[in-house]
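Me: I am in my first year and would like to take a close look at a single part of this protein rather than skim over the whole. Could you take me through one helix and its surroundings, step by step?

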Amino acid sequence: MNDPDQSGGGSSAGRWTLLTGHGHVLVEIARNPEARIRDISAAAGLTERTVQAIVADLEAAGYITRSRTGRRTRYTVRHDSQFRHPAQEGLRVGPFLAVLAAADENERTTPGPDDR
């Protein structure tokens, strides 16, 4: 089996992520609904152009809505939206996003070993 992500039979650790770009962008929007494309891009490790395309995909699929307040865009995540893959048929994205947002909040507020 040829895997283009592996070089010379070594481990592919660090070369892939569990979430797709769409997943990363949706999580960032859930964490910060007023984030700019630039902010989402930096957090997700994607180009601004890619994030713009993903945001358009997420909006077209009904995962998010966009509204304008002056010059700013505010996103609203539709937590009742269902996953698209048949393996998660019937499951809603809200609980998934809640877990990831809670994990992020715990990391920011829980002191680490060096903070004591």
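Reply: What follows is a walk through helix 2 and the parts around it, with a short look at the whole chain at the start.

Please keep in mind throughout that this is a predicted model. The secondary structure of the protein comes to 4 helices and 2 strands, and if you follow the chain from the N terminus, these elements come in the order α-α-α-β-β-α. The protein has 116 residues, of which 24% count as buried. Among the contacts between residues at least 6 apart in sequence, 36% join residues at least 24 apart.

Now to the helix itself. Helix 2 covers residues 37-44, and a useful thing to ask of a helix is which of its residues are buried and which are exposed. In helix 2 the buried residues are I37, I40, S41 and A44. Because these residues cover an arc of only 100 degrees around the axis, they lie on the same side of helix 2. R38 and A42, by contrast, are exposed, and they are found on the other side of helix 2. As for what lies over the buried residues, the cover includes helix 1, helix 3 and strand 2. Where helix 2 ends, the chain goes on with G45, a residue whose phi is positive, near 75 degrees.

Among the buried residues, S41 deserves a slower look. The relative accessible area of S41 is 9%, and since buried means under 20%, S41 counts as buried. If we leave aside its neighbours within four places in sequence, S41 is in contact with L46, T47, E48 and V51. With one of these residues there is also a polar contact, for the side chain of S41 reaches the backbone nitrogen of E48 at a distance of 3.4 Å.

Both E48 and V51 bring us to helix 3, which covers residues 48-60. Helix 2 and helix 3 pack at an angle of about 105 degrees, and their axes are 9 Å apart. An angle from 65 to 115 degrees counts as roughly perpendicular, and therefore helix 2 is described as roughly perpendicular to helix 3. On the side of helix 2, the contact is made by I37, R38, I40 and S41, while helix 3 contributes E48, V51, Q52 and V55.

Helix 3 also packs against helix 1, at an angle of about 80 degrees and with the axes 10 Å apart. This angle makes helix 1 roughly perpendicular to helix 3 as well. Here the contact is made by G21, H22, V25, L26 and I29 of helix 1, together with V51, I54, V55, D57 and L58 of helix 3. If you compare the two lists, you will find V51 and V55 in both of these contacts.

Let us turn next to charged side chains. Side chains of opposite charge can pair when their charged atoms come close. In this model the count comes to 6 salt bridges, and three of them can be described here.

One of them joins R74 and E34, whose side chains meet with N and O 3.0 Å apart. This pair links distant parts of the chain, 40 residues apart: R74 belongs to strand 2 (residues 72-77), whereas E34 sits in the loop between helix 1 (21-31) and helix 2. R74 counts as partly exposed, since its relative accessibility is 35%, and E34, at 44%, is likewise partly exposed.

Another salt bridge is formed by R36 and D39, and here the closest N and O atoms are 3.0 Å apart. R36 is partly exposed, with a relative accessible area of 39%, and D39 is partly exposed too, with a value of 31%.

A further salt bridge is found between the side chains of E59 and R66, at 2.7 Å from N to O. E59 has a relative accessible area of 30% and is partly exposed, while R66, with 39%, is also partly exposed.

R66 can be placed in relation to helix 3 through A56, a residue of that helix. A56 and R66 are 10 residues apart in sequence, and their C-alpha atoms are 9.7 Å apart in space. A56 itself is partly exposed, with a relative accessible area of 35%.

To return to the helix we began with, its buried residues I37, I40, S41 and A44 lie on the same side, and helix 1, helix 3 and strand 2 are among the elements that cover them.

Definitions and conventions. Residues are numbered from 1 along each chain as its sequence is written. This is a predicted model: local features need pLDDT of at least 70, side-chain atom pairs count only at pLDDT 80 or more; totals for chains, interfaces and linings use all residues. Side-chain values use heavy atoms; hydrogens and water are left out. Buried means under 20% relative accessible area, exposed over 50%, partly exposed in between (1.4 Å probe, protein chains only). A polar contact is a pair of N or O atoms within 3.5 Å; within protein, one must be able to donate a hydrogen and the other to accept it, and residues adjacent in sequence count only if both atoms are side-chain atoms. Contact means heavy atoms within 4.5 Å. A salt bridge is a side-chain nitrogen of Lys or Arg within 4 Å of a carboxyl oxygen of Asp or Glu. The arc is that of the directions from the helix axis to the C-beta atoms. Axes are lines fitted to C-alpha atoms, for helices over the stretch in contact, and angles run from 0 to 180 degrees between N-to-C directions. Angles under 35 degrees count as roughly parallel, over 145 as roughly antiparallel, 65 to 115 as roughly perpendicular and the rest as oblique.
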